[in-house]
Amino acid sequence: MQEVSTKPYLLRAIYEWCTDNGYTPHIAVVVDGRTRVPMQFVKNGEIVLNISFEATSALKMENDSISFSARFGGVSRDILIPIENVIAIYARENGQGMAFEAPNPATAVAAEDAAADTAPVLSSVPVSEPEKKGFPIDGSDDNPEPPKKGGRPVLTRIK
């Protein structure tokens, strides 16, 4: 028998901690072909969802997926998220929670391609001259602005 990952158990524990303390649990999700979410709310291949009791209906946090119904723009939608695609769960009010390693896109593509019985195709991307010399092409430098004080907490993913 295959061992079950600890990730779904940790997700349920942080969800329970959030609700017990009156916080609003949110999850950050990598969207791929296996994820069923409203695509108009996806930004940079990710979506953040409020999974509080007030925001969802029929929430099920199982070992392989999270499913629920929620309203987006007044329209009820059925949401399905594979556990592997959850990259963070945290409290909206203070940003406390847990982040997870993002799924490997090659693995997800390979799984989808295996179902289609085709091999993934790799291609190269040309590199511009400034990037070859180690200079960023967007004009940024290695010293970003310091974080601003006050305001709403934000979850920052560091790769």
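A polar contact here is a pair of N or O atoms within 3.5 Å; within protein, one of them must be able to donate a hydrogen and the other to accept it. I'm putting that at the top of the notebook for the T35 entry. I also note that this is a predicted model.

**Entry 1: T35**

I went to T35 and found it in the loop between strand 1 and strand 2. Buried or exposed, I wondered, for T35? T35 has 9% relative accessibility, so it goes down as buried. Next I looked up what its side chain does. One polar contact runs from the T35 side chain to the side chain of D32, at 3.0 Å. The T35 side chain also has a polar contact with the side chain of N85, again listed at 3.0 Å. Both pairs fit the 3.5 Å limit I started with. Then I pulled the contacts of T35, skipping neighbours within four places in sequence: V29, V30, L80, I81, P82 and N85. N85 therefore turns up for T35 as a contact and as a polar partner, given that a polar contact needs N or O atoms within 3.5 Å.

**Entry 2: strand 1**

V29 and V30 sent me to strand 1, residues 25-30. How many of its residues are buried? I got 6 of 6, so by the under-20% cut-off strand 1 is mostly covered. I split strand 1 by face: P25, I27 and V29 sit on one side, H26, A28 and V30 on the other, and all are buried. Both faces are covered, then.

Which strands does strand 1 pair with? I found strand 6, residues 86-91, antiparallel over 5 bridges, and strand 2, residues 46-50, antiparallel over 5 bridges. For registry I wrote down one pair on each side. A28 has A88 of strand 6 as its bridge partner, and V30 has E46 of strand 2.

**Entry 3: K7**

I turned to helix 1, residues 7-20, where K7 lies. K7 is a buried lysine, and I went looking for its salt bridge. There is none: E84, the nearest side chain of opposite charge, is 7.4 Å away, and a salt bridge needs 4 Å or less, so E84 does not qualify. What does the K7 side chain reach instead? I found the backbone oxygen of I83, at 3.1 Å. Leaving out residues up to four places away in sequence, K7 touches I83, E84, V86, F100 and E101. I83 is on that contact list and supplies the backbone oxygen too. E84 is on the list as well, even though its charge is not bridged to K7.

**Entry 4: positive phi**

I checked for positive phi outside glycine and noted N44 and A58. N44 has phi of about 55° and is in the loop between strand 1 and strand 2, the loop that also holds T35. N44 is at 81% relative accessibility, so I have it as exposed. A58 has phi near 55°, but its place is in strand 3, residues 56-61. A58 is exposed too, with a relative accessible area of 55%.

**Entry 5: strands 3, 4 and 5**

From A58 I followed strand 3 to its partner. Strand 3 and strand 4 pair antiparallel over 4 bridges, and they form a hairpin with 3 residues between them. T56 stands opposite A70 of strand 4. Strand 4 covers residues 65-72 and is mostly covered, with 7 of 8 residues buried.

Strand 4 is also joined to strand 5, residues 75-82, by 8 bridges, running antiparallel. The bridge partner of F68 in strand 5 is I79. Strand 4 and strand 5 form a hairpin with 2 residues between the strands, and G73 takes a positive phi near 60° there.

**Entry 6: the whole chain**

Last, I zoomed out. I counted 3 helices and 7 strands in the protein chain. In what order do the elements run? From the N terminus I read α-β-β-β-β-β-β-β-α-α.

The chain has 159 residues, and buried ones make up 29% of them. I also looked at contacts between residues at least 6 apart in sequence, where 53% join residues at least 24 apart. The exposed area comes to about 11400 Å², with carbon and sulfur atoms supplying 54% of it.

Key:
Residues are numbered from 1 along each chain as its sequence is written. This is a predicted model: local features need pLDDT of at least 70, side-chain atom pairs count only at pLDDT 80 or more; totals for chains, interfaces and linings use all residues. Side-chain values use heavy atoms; hydrogens and water are left out. Buried means under 20% relative accessible area, exposed over 50%, partly exposed in between (1.4 Å probe, protein chains only). Two strands pair if DSSP finds at least two bridges between them. Contact means heavy atoms within 4.5 Å. Accessible areas come from the Shrake-Rupley method with a 1.4 Å probe; for residues, only the protein chains shown count as cover. Lys and Arg count as positive and Asp and Glu as negative; His and the chain ends are not counted.
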